[in-house]
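Colleague: I would like a close look at one part of this protein, the place where its helices pack against one another. Please go through it step by step and relate it to the rest of the chain.

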Amino acid sequence: MATLKTVDTGNKAAGKIEIDDSILETPYHRKAVSEVVRQFLAANQQGTHATKNRAAVSYSTHKLYRQKGTGSARAGSAKSPIRRHGGTIFGPQPRSHAFRLNKKTRRLATRAVFAEKVRQDGVLVLDSLDLADNKTRNLKALLSKLKLPEKVLIVTDEIPDNLRLASRNIPDLHVLSYRSLSVYEMMKHNKVIFLKDALEAYKERLS
């Protein structure tokens with residue numbers, strides 16, 4: 001059983017948390033991670049793009065001119081797709097871009113990204129994070145003691161109001177519940193700070 005050390009808000013050792021060896025020894029699986037990230041982005045795509053087809057174009061249905069004797073090609077409607085400002089053939093319509101993935105693939109990608117983050121020293125376990133107020137400057141001062149890089153993700157069990165309000169004005173700082181944590185979010189941020197309680201609960205998803 002491997003262990004990760006936990007630190008307090010002063011960046012001093014506060015204890016340890018046990019992680020199963022099989023989780024931390026998971027090799028990085030590029031294809032599984034790529035598929036899970038693509039699924040996440042596709043599910044979040046709005047899919048509201050649309051063009052007007054022949055039925056949606058606002059024109060009269062009156063025949064433009066008589067069928068024969070004009071010397072021009074016959075034409076039945078100004079809505080015809082071959083005419084200027086006519087309807088679009090097979091244009092995009094509102095739809096969902098989401099697709100399904102095998103559960104084992106999602107679990108493999110989650111374990112692979114977590115293990116790789118640990119190997120690259122991209123995971124920090126914080127014993128607790130209790131803020132006395134919702135002042136942004138106080139949270140920034142606390143985080144400066146931890147000597148963090150840009151793009152930091154804080155993973156908690158429940159997001160307290162003080163933390164939510166204090167963090168919203170700090171660029172490149174994002175706060176999530178472990179229930180909403182995705183492979184994409186872990187890869188997007190350089191450093192992932194787990195609160196100890198959140199990591200204890202998150203281990204069940206990895207096992």
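Modeller: What follows goes from the whole chain to the helix contacts, and then to single residues.

The model is a predicted one. Its protein chain has seven helices and six strands. In sequence order these elements follow the pattern β-β-α-α-α-β-α-β-α-β-α-β-α. The radius of gyration of the protein chain is 27 Å, where a compact globule of 207 residues would have a value near 17 Å. Along the principal axes, the C-alpha atoms fill a box of roughly 95 × 40 × 25 Å. Of the 207 residues, 38% count as buried. The chain exposes about 13200 Å², and carbon and sulfur atoms supply 48% of that area. Among contacts between residues at least 6 apart in sequence, 68% join residues at least 24 apart.

Now to the helix contacts, starting with α2 and α3. Helix α2 covers residues 30-43 and helix α3 covers residues 103-119; their axes come within 8 Å and cross at roughly 110°. An angle from 65 to 115 degrees counts as roughly perpendicular, and α2 and α3 are therefore roughly perpendicular to each other. On the α2 side the contact is made by Ala-32, Val-33, Glu-35, Val-36 and Gln-39, and on the α3 side by Thr-105, Arg-106, Leu-108, Ala-109, Ala-112 and Val-113. By type, the residues of this contact divide into seven nonpolar, two polar and two charged.

Helix α3 also packs against helix α7, which covers residues 196-206; the angle here is about 135° and the axes are 9 Å apart. This angle lies outside the ranges for roughly parallel, roughly antiparallel and roughly perpendicular, so α3 and α7 count as oblique to each other. From α3 the contact takes Arg-107, Thr-110, Arg-111 and Phe-114, and from α7 it takes Leu-199, Tyr-202, Arg-205 and Leu-206. The residues of the contact of α3 with α7 divide into four nonpolar, one polar and three charged.

Gln-39 is a useful residue to follow next. It is found in helix α2 and is one of the residues that make the contact with α3. Gln-39 counts as buried because its relative accessibility is 16%, and the cut-off for buried is under 20%. Not counting residues up to four places away in sequence, Gln-39 touches Phe-99, Arg-100, Leu-101 and Arg-106. Of these, Arg-106 is also listed on the α3 side of the contact with α2.

Leu-101, another partner of Gln-39, is found in the loop between α2 and α3. At 17% relative accessibility, Leu-101 counts as buried. With residues up to four places away in sequence left out, Leu-101 touches Glu-35, Val-36, Gln-39 and Arg-106. Glu-35, Val-36 and Gln-39 belong to the α2 side of the helix contact, and Arg-106 to the α3 side. As for distance along the chain, Leu-101 and Lys-12 are 89 residues apart, and their C-alpha atoms are separated by 41 Å.

Two other residues of the loop between α2 and α3 stand out by their backbone angles. His-85 is in this loop and has a positive phi of about 70° although it is not a glycine. Phe-90 is found in the loop as well, and its phi is near 55°, again a positive value in a residue other than glycine. Phe-90 is exposed, with a relative accessible area of 83%.

Back in helix α3, consider Val-118. Val-118 counts as partly exposed because its relative accessibility is 21%. Leaving aside its neighbours within four places in sequence, Val-118 is in contact with Leu-4, Leu-24 and Val-123. Val-118 and Lys-191 are 73 residues apart in sequence, and their C-alpha atoms are 9.9 Å apart in space.

Lys-191 also gives a link to strand β5. Leu-173 is in strand β5, residues 173-177, and lies 18 residues from Lys-191 in sequence and 9.9 Å from it in space, C-alpha to C-alpha. At 12% relative accessibility, Leu-173 counts as buried. Its contacts, leaving aside neighbours within four places in sequence, are with Leu-139, Leu-143, Val-152, Ile-154 and Ser-167.

Notes. Residues numbered from 1 in each chain as written. Predicted model: local features only at pLDDT ≥ 70, side-chain atom pairs only at ≥ 80, totals over all residues. Heavy atoms only, no water. Axes fitted to C-alpha atoms, helices over the stretch in contact; angles between N-to-C directions. Helix = DSSP H or I, 4+ residues; strand = E, 2+ residues; numbered from the N terminus. Parallel < 35°, antiparallel > 145°, perpendicular 65-115°, else oblique. Contact = heavy atoms within 4.5 Å. Nonpolar A, V, L, I, M, F, W, Y, C, P; charged D, E, K, R; others polar. Rg over C-alpha atoms; globule rule 2.2 N^0.38 Å. Buried < 20%, exposed > 50% of the residue type's maximum accessible area, 1.4 Å probe, protein only. Areas by Shrake-Rupley, 256 points an atom, 1.4 Å probe, with all protein chains shown as cover.
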